[in-house]
Amino acid sequence: MKQFDFETFKEALSPAKFIDQAEKNTQAILTYVEPKELSKTLVALTTDASDFARAQVEAFTSIANIVKAQSEEFTKQFTKLAK
């Protein structure tokens, strides 16, 4: 049996995967909406909302990486001062 490492676990719970799946599920349901013009509009809105959610995830990840890097730098500087 394959063991999960942290990266595999992170990938399995990736917000992007959840967003993609929610978008696909919503669009599949919207194909049954009548009239078709309304269905097309709702599909476009769903795509836009999904794109926005993906951008938010990317922005949050970037901010988290900046905070992580600054924290690591602070720890290094603090360790130097402690010696």
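Four salt bridges are counted in this structure, which is a predicted model, and they offer a way into a protein that has three helices and zero strands, its elements running α-α-α from the N terminus on.

One of these salt bridges joins the side chains of Arg 54 and Glu 23, with an N to O distance of 2.5 Å. This pair links distant parts of the chain, since Arg 54 lies in helix 3 (residues 36–82) and Glu 23 in helix 2 (residues 15–30), 31 residues apart. Glu 23 is buried, its relative accessible area being 12%, and so falls under the 20% cut-off for that class.

Arg 54 also meets the side chain of Asp 51 in a salt bridge, here at 2.9 Å from N to O. Because Asp 51 and Arg 54 are three residues apart in helix 3, about one helical turn separates them. Asp 51 counts as partly exposed, at 39% relative accessibility. Asp 20, Glu 23, Asp 51 and Arg 54 are linked in a network of salt bridges.

A further salt bridge is formed by the side chains of Glu 34 and Lys 36, with 3.8 Å between N and O. Glu 34 is exposed, with a relative accessible area of 56%, whereas Lys 36 counts as partly exposed at 39% relative accessibility.

As for the protein as a whole, 8% of its 83 residues count as buried, and Glu 23 is buried as well. The protein exposes about 7,200 Å², of which carbon and sulfur atoms supply 65%.

Note on methods: Residues numbered from 1 in each chain as written. Predicted model: local features only at pLDDT ≥ 70, side-chain atom pairs only at ≥ 80, totals over all residues. Heavy atoms only, no water. Helix = DSSP H or I, 4+ residues; strand = E, 2+ residues; numbered from the N terminus. Buried < 20%, exposed > 50% of the residue type's maximum accessible area, 1.4 Å probe, protein only. Areas by Shrake-Rupley, 256 points an atom, 1.4 Å probe, with all protein chains shown as cover.
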